[in-house]
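The exercises below ask you to read a protein model with its ligands, step by step, with the coordinates open beside the text. Try each task before reading its solution.

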Amino acid sequence: MRLLVLGAGKTGKLVAEVAAEHGHSVHVLDATENKDGAALTHPFVTGFDVVIDFTTPESVITNMRACLAVGAKMVIGTTGWYEKLADMKALAERRGGSLLYGTNYSIGVQKMFALARYFTTALKESGYTFSIEETHHTSKVDAPSGTALTLRDNVASVLGNTDIRIEAHRVGDAAGTHTLIATGPNDRLLLTHESTSRKPFAEGAVRAAEWLSTHSGIYDFQDVVEKL
Ligand SMILES: NC(=O)C1=CN([C@@H]2O[C@H](COP(=O)(O)OP(=O)(O)OC[C@H]3O[C@@H](n4cnc5c(N)ncnc54)[C@H](OP(=O)(O)O)[C@@H]3O)[C@@H](O)[C@H]2O)C=CC1
Ligand SMILES: O=C(O)C1=N[C@H](C(=O)O)C[C@H](O)C1
């Protein structure tokens, strides 16, 4: 597969490494090479099977506008842009582009979402209230994390309301820790996922790109992860 990786930061670099390990041909564009999406011309983008984006909440919108408009297939890892999700879906539909987006490509976190639904179901009738804490590195630009928002959606789908507080912490180089807390009058239950490496994000994103290369449409990673 011919892969274009946008972003050569902490995660983009790992995505390129993993994709090369999987035998794909990989081209990476950093911020200088792709300022304001300048590199994403029609002939350039259509030379790739899938584009993977790990950039910033601002750049990813410009990148999606350029790539989806020419019918490209995109896997989006970047978080913090979801107020534009409906616009991007509409663009992809209009122009025949494919879009697979996910707040967390780690399989462990995807399992946590399923466990969170079970955890909430088991505790909701017993008077517990639910909250979320997330901890990331100090250079993270969005808060709360995309994963915390998806975790909240999973809990809310069981509770029937979104009354779930999220507390965000920024500490050192933390790769990402998410905890769902159920608080009762006399005790607390905690469900925690702690990333000890960024590699699983890259592994999941490359697997998502491999899957998307043979599918068309618009997908949330959590809805297709079991099919990869
Ligand atoms: N869904 C998931 O599983 C995961 C999602 N993420 C998300 O991915 C995003 C990136 O995270 P992370 O790698 O940690 O961040 P980094 O800051 O380490 O990397 C982002 C990189 O993108 C570059 N960049 C900015 N604009 C462009 C552009 N137009 N074209 C190409 N490159 C560009 C930046 O360059 P410069 O610094 O020079 O501006 C930077 O090197 C974040 O939104 C994060 O939340 C992260 C991990 C997992
Ligand atoms: O910025 C990060 O580092 C991460 N971002 C994603 C998020 O916002 O949930 C996924 C992971 O937690 C790492």
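**Exercise 1. Place Thr 79 in the fold and decide whether Thr 79 is buried or exposed.**

Solution. Begin with the secondary structure: Thr 79 sits in the loop that joins β4 (73-76) to α4, where helices (H or I, at least four residues) and strands (E, at least two) are DSSP runs numbered from the N terminus. Next, count neighbours: Thr 79 has 24 C-beta neighbours inside 10 Å and therefore counts as buried. The scale behind that verdict calls a residue buried if 20 or more other C-beta atoms lie within 10 Å of its own, exposed if 12 or fewer, and partly exposed in between, with C-beta atoms placed from the backbone. Finally, take a distance: Thr 79 and Phe 44, 35 residues apart in sequence, are 25 Å apart in space, C-alpha to C-alpha.

Before going on, note the conventions: this is a predicted model, in which local features need pLDDT of at least 70 and side-chain atom pairs count only at pLDDT 80 or more, while totals for chains, interfaces and linings use all residues. Residues are numbered from 1 along each chain as its sequence is written, and chains are lettered from A and ligands numbered from 1 in the order in which they are written.

**Exercise 2. State which confidence values the predictor gives the complex and what pLDDT the protein averages.**

Solution. For the complex, the predictor gives an ipTM of 0.99 and a pTM of 0.98. For the protein, the average pLDDT (the predictor's confidence in each residue, from 0 to 100) is 98, and 100% of the residues score at least 70.

**Exercise 3. Find which residues surround ligand 2, and explain where ligand 2 lies with respect to the two domains.**

Solution. First list the shell, taking a residue as near a molecule if its C-beta atom, placed from the backbone, lies within 6 Å of it. Thr 79, Thr 103, Asn 104, His 136, Lys 140, Ser 145, Gly 146, Thr 147 and Gly 176 surround ligand 2. Then sort these residues by class, where Ala, Val, Leu, Ile, Met, Phe, Trp, Tyr, Cys and Pro count as nonpolar, Asp, Glu, Lys and Arg as charged, and the others, Gly among them, as polar. The shell around ligand 2 holds eight polar residues, one charged and no nonpolar. Last, compare with the domain bounds, which come from an automatic or database domain assignment: because domain 1 (2-105 + 199-227) and domain 2 (107-194) both contribute residues to the shell, ligand 2 lies between them.

One member of this shell, Thr 147, belongs to helix α6. Thr 147 counts as buried because 24 C-beta neighbours fall inside 10 Å, and its C-alpha atom is separated by 12 Å from that of Ile 107, 40 residues away along the chain.

**Exercise 4. Describe the surroundings of ligand 1, including which helix gives the most to the shell.**

Solution. Of the 25 residues around ligand 1, those that come nearest are Gly 7, Gly 9, Thr 11, Ala 31 and Ser 59. Helix α1 (residues 10-21) gives the most to this shell, with three residues. By class, the shell around ligand 1 comprises 16 polar, seven nonpolar and two charged residues.

**Exercise 5. Examine the backbone at Pro 144 and Asp 36, asking which peptide bond is cis and what sign phi of Asp 36 has.**

Solution. The cis peptide bond runs from Ala 143 to Pro 144, with omega near -5 degrees, and Pro 144 lies in the loop between β6 (129-136) and α6 (146-159). Phi of Asp 36 is positive, near 50 degrees, in a residue other than glycine. Asp 36 is part of the loop between β2 (25-29) and α2 (42-45) and is exposed, because 12 other C-beta atoms lie within 10 Å.

**Exercise 6. Judge how the radius of gyration of the protein agrees with that of a compact globule.**

Solution. The radius of gyration is taken over C-alpha atoms, and the globule rule is 2.2 Å times the number of residues to the power 0.38. With 228 residues the rule gives a value near 17 Å, and the protein has 18 Å, which agrees. The C-alpha trace spans about 60 × 35 × 30 Å along its principal axes, and 39% of the 228 residues count as buried.
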